[in-house]
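Good morning, colleagues, and thank you for joining. I should like to introduce a structure that is new to this group, so please look at the sequence and the model before I begin.

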Amino acid sequence: MDMPLTCTTGVTITLYQEEGSCALDIGELPNTAPNDDELLWVDLCGTSDADVERVWQALGLEHGALPTGPISTNPKLEKFANHFMARVVAVLPGQNLNFKGAVLTIVAGDNFVVTHHVDDIDFLADMRVREPETVCDIGCLGEASFVAALLDWHLSTYFSAVALFEVEIERLESRILSDKPPGRSALPQLCALRGAASRLRRMLAPHRVVFDGLSRPDFVPDGAEEVARHLSELDDRYERALDVVENARELVVGSFQLFSTQTELQTNERMKLLTFVTVVTGLLAVIAGALGMNFDANFFSLKTEGFWIAVAAMVGLGLMSIVVGRRRGWL
């Protein structure tokens, strides 16, 4: 069988069969009618509106599911007479946890699935270049089960994003606990982490309408227990993904508490040093004040020698205080 190839127009049409897969041209689409042992996948990546309309007409899809013009970023699930449409947002990795969303529209009907996206998405790109012998089982899947697999991969983009997020959290906490903590310079990174976690939460939470709708009993026709199980497990996986994203926000709060605790410890160390310096300075001031009393003591007859003796005594007392402070752990 031929390898599925990505066309220059951005249209990839793959017919999955029990023994492998083959690539089709967009001109062959109107005459292609996959049977129950086959699955037709049409992937539209950055495709022109004209080609999208050609695919829609060839498959007889409802105009309401046509992803042309400005595409909404709100997740959506809609069922038509002979097919259904799901619109989701996958996570695209970015530098410095600058997560971006890629809108993915999935339309599925009898033995066919159409995916449309402006930005290329990793798991779809991997699907397009798989070896024919590794995709032979896809031809045995129904369209709903294949959609469940696509949406499961879509959720994996959130798990991968959280994994990158946790790596950055660990790096920041290692810096905070190091011998040379970053101090207030860690605040911008904490703010960036907080923003990244909130963005993931805002991107994933609206998908509840899609995954709850797919798991409803009325969405799958009677007798399709296996498909219903796939969709129900998909809803459970969505809940786990939401928990993981929520946990990412809590990790930021924990990192901020660690930062606050470390800052308090540094402040306490500085206060100990200032207190020690104040006590030593006060003690020396007491000595200087006593020597400045207006008494005719024999010591003052030493004149210059007495001055240097007093200075040496105060310096010695200061050095002795420093030695004692270091041994006691005050410095």
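Let me start with a term: a salt bridge here is a side-chain nitrogen of Lys or Arg within 4 Å of a carboxyl oxygen of Asp or Glu. With that criterion, a search of the whole structure finds 8 salt bridges. I shall return to some of them after an overview. Please keep in mind throughout that this is a predicted model.

First, the confidence. The pLDDT of the protein averages 80, and 86% of the residues score at least 70. Among the elements, β7 has the highest mean pLDDT, at 92, while helix α7, residues 304–328, has the lowest, at 75. Over residues 1–9 the pLDDT falls below 50, although in the model this stretch has 26 contacts beyond near neighbours in sequence. Where pLDDT is low, the predicted coordinates should not be read in detail.

Now the overall layout. The protein contains 7 helices and 7 strands. Following the sequence, one meets the pattern β-β-β-α-β-β-β-β-α-α-α-α-α-α. Of the 331 residues, 40% are buried. Among contacts with a separation of 6 or more, 65% are between residues 24 or more positions apart.

How are the strands ordered in the sheet? The sheet is open, has 7 strands with mixed pairing, and runs in the order β2-β1-β3-β7-β6-β5-β4. Its edges are β2, residues 20–24, and β4, residues 76–79, each of which pairs on one side only. From one strand to the next, the twist averages 20°.

Let us look at β1 in more detail. This strand spans residues 11–17, and 7 of its 7 residues are buried. In a regular strand the side chains alternate between the two faces of the sheet. In β1, V11, I13, L15 and Q17 point one way, whereas T12, T14 and Y16 point the other way, and all are buried. On one side, β1 is joined to β3 by 6 bridges in an antiparallel arrangement, with L15 having L40 as its bridge partner in β3. The strands β1 and β2 are also antiparallel, joined by 5 bridges, and T14 stands opposite A23 of β2. These two strands, β1 and β2, form a hairpin with 2 residues between them.

Elsewhere in the sheet, β6, residues 100–109, pairs with β7, residues 112–117, in the antiparallel sense over 6 bridges. Here G109 stands opposite F112 of β7.

I turn next to the interior. The largest nonpolar core has 59 residues, and those touching the most other members are V113, L151, F165, L200, L204 and L214. Several elements give two or more residues to this core, including β3, β5, β6, α2, α3, α4, α5 and α6. Which element supplies the largest share? That is α3, with 14 residues. As an example of the packing, L214 touches L77, F84, L151, F219, L231 and L234, leaving aside residues up to four places away in sequence. Another core lies apart from the largest one; it has 22 residues, among them V42, L44, L66 and V114.

Finally, I return to the salt bridges. Side chains of opposite charge can pair when their charged atoms come close. K76 forms a salt bridge with E78, and their closest N and O atoms are 3.2 Å apart. K76 is partly exposed, at 32% relative accessibility, and E78 is partly exposed too, at 26%.

A second pair is R171 and E168, whose side chains meet in a salt bridge at 3.2 Å, N to O. Because they are 3 residues apart in helix α3, residues 143–176, R171 and E168 are separated by about one helical turn. R171 counts as exposed, at 52% relative accessibility, whereas E168 counts as partly exposed, at 23%.

The third pair lies in helix α6, residues 225–291, where R249 and E246 are 3 residues apart, about one turn of the helix. Their closest N and O atoms are 3.6 Å apart in the salt bridge. R249 is partly exposed, with a relative accessible area of 25%, and E246 is partly exposed, with a value of 25%. R201 joins this pair, as R201, E246 and R249 are linked in a network of salt bridges.

Thank you for your attention.

Notes. Residues are numbered from 1 along each chain as its sequence is written. Side-chain values use heavy atoms; hydrogens and water are left out. Two strands pair if DSSP finds at least two bridges between them. Helices (H or I, at least four residues) and strands (E, at least two) are DSSP runs, numbered from the N terminus. Axes are lines fitted to C-alpha atoms, for helices over the stretch in contact, and angles run from 0 to 180 degrees between N-to-C directions. pLDDT is the predictor's confidence in each residue, from 0 to 100. Contact means heavy atoms within 4.5 Å. Buried means under 20% relative accessible area, exposed over 50%, partly exposed in between (1.4 Å probe, protein chains only). A nonpolar core is a set of buried Ala, Val, Leu, Ile, Met, Phe, Trp, Tyr and Cys residues joined through side-chain atoms within 4.5 Å.
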